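Biologist: I am new to this structure. Please take a close look at the sheet for me, and tell me how far the model can be trusted before you start.

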Amino acid sequence: MSDAAFMTEALELAARARPSPNPRVGCVLVRDGVVVGRGFHRRAGMAHAEVAAIEDAGDRARGATAYVTLEPCNHHGRTPPCTDALLAAGVNRVVFGVSDPNPHVEGRGADRLREAGVVVDEGVEREACEGLIEAWRVCVTRGYPLVVLKVAMTLDGRIATRTRASKWITSAEARRDAHLLRARADAILVGVGTVLSDDPMLTPRDVTVVGALPARVVLDSRLRTPTTSLLARTASEAPVWVLHGPEAPAERRSALRAMGVETIEVALEDERIGLREALRALASKGVTELLVEGGGAVHGALLDAGLGDKLVAYVAPKLFGGRDAFPAFGGVGASSVDDARSVRAWRFEPLGSDLKITAEIANVYRDHHSDR
């Protein structure tokens, strides 16, 4: 088998876990063309992929080649450096897919291994390995999560009629795909308006969830989230975090906490939750990929602030019409055509009667470090 084939197996192993706030990493050890050890990082604080593969291989690791999706770490965190484990096991070649982008890591794993006489090759299946750690890379380099805006809308860009009716705009196939998005996110965010109008549960349903259920997050400056809401009543099943302002009533905080909801105070900007501080607060709780399900006011505010990274739009072949129907993106918006936010890397996929559009929102990756 080729280097690419062994790296593909490492990628498949990595996809078995969601160890946020750590990256997904997989490793296979190969000696004489045969896989002798397999491992992946299951959860933060547990053995890294390289160590798990070495433990699986035992004495057969000596003289082997390690295929790792991410450059082996060379620093002490919650676990010892993987470079030390590889050297102690007698691995004589290391092949990795993508370099470690963490700016806080002192020392490069590849340099440490080469200095010890290990042959190191990098860049095998680089694109796939980069995709595996995209959310983590964004989070460690700028200090807050990858933000994915998800919207189910009509062809004229509406998410509800003038009477707030919205179920169901899209097909069953599109809704199931949206639950897959939820299953891979660390947290799902909505505004309190969505909680009050739709009373959503925000859990992935009828799909496989790898790891813990995603946290459910509400932007709610005045703590209007009802204790009778589905979110509050199911707080014991999956985490519920409500981000509120400093002046939120103490009795509301106590009532929600009694239901198992975690209330998190965040500074306000123009009487609304400060979005950058909110995102940093979520990053501090281990969120690297955030799925935003709106409504339109939240989507628009994130766009206005330049904080949306990706867009996933499920577009139904329907027209609501009417100036009072609710738009997918509110906020202030562009003042001119030239000020419009553009998207790139379009991808289209039919789902039932609908069209799924995924894209990157342009100009959001610049100046990652300026937001630290």
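Modeller: Confidence comes before the sheet. This is a predicted model, and the mean pLDDT of the protein chain is 92. Of its residues, 95% reach 70 or more. One stretch needs care. Residues 364-372 have pLDDT below 50. In the model, that stretch still has 26 contacts beyond near neighbours in sequence. Where pLDDT is low, predicted coordinates should not be read in detail.

Now the sheet. It is open and has nine strands. Follow them in this order: β11, β10, β9, β8, β14, β6, β15, β18, β17. The pairing is mixed. At the edges lie β11, residues 262-265, and β17, residues 343-351. Each of these two pairs on one side only. From one strand to the next, the twist averages 20°.

Zoom in on one pairing. Strands of a sheet pair through backbone hydrogen bonds, either parallel or antiparallel. Strand β15 covers residues 310-316, and strand β18 covers residues 354-361. They run antiparallel to each other and share six bridges. Val312 gives a place to look: its bridge partner in β18 is Thr358.

Next, the aromatic rings. The structure holds two aromatic pairs. One joins Phe6 and Tyr67, with ring centres 5.1 Å apart. Their planes meet at 35°, and the pair is tilted. Phe6 belongs to helix α1, residues 3-14, while Tyr67 belongs to strand β3, residues 65-70. The two are 61 residues apart, so to speak of this pair is to speak of a link between distant parts of the chain. Both Phe6 and Tyr67 are buried.

Trp346 and Phe348 form a stacked pair, because their planes lie at 15°, under the 30 degrees cut-off for stacking. Their ring centres are 5.5 Å apart. Trp346 counts as partly exposed because its relative accessibility is 48%. Phe348 counts as exposed, since its value is 53% and the cut-off is over 50%.

Last, a helix and what follows. Helix α11 spans residues 275-284. Its buried residues include Leu275, Ala278, Leu279 and Leu282. An α-helix has 3.6 residues a turn, so residues three or four places apart point the same way. Ala281 and Ala283 are buried in α11 as well. Just after α11, Gly286 takes a positive phi of about 95°. Lys285 has its charged end over the ring of Trp241, 4.7 Å from the ring centre.

Methods
Residues are numbered from 1 along each chain as its sequence is written. This is a predicted model: local features need pLDDT of at least 70, side-chain atom pairs count only at pLDDT 80 or more; totals for chains, interfaces and linings use all residues. Side-chain values use heavy atoms; hydrogens and water are left out. Buried means under 20% relative accessible area, exposed over 50%, partly exposed in between (1.4 Å probe, protein chains only). Helices (H or I, at least four residues) and strands (E, at least two) are DSSP runs, numbered from the N terminus. pLDDT is the predictor's confidence in each residue, from 0 to 100. Contact means heavy atoms within 4.5 Å. Two strands pair if DSSP finds at least two bridges between them. Axes are lines fitted to C-alpha atoms, for helices over the stretch in contact, and angles run from 0 to 180 degrees between N-to-C directions. Rings of Phe, Tyr and Trp (its six-membered ring) pair if their centres lie within 6.5 Å; planes under 30 degrees apart count as stacked, over 60 as edge-to-face and the rest as tilted. A charge sits over a ring if NZ of Lys or CZ of Arg is within 6 Å of the ring centre and within 35 degrees of the ring normal.
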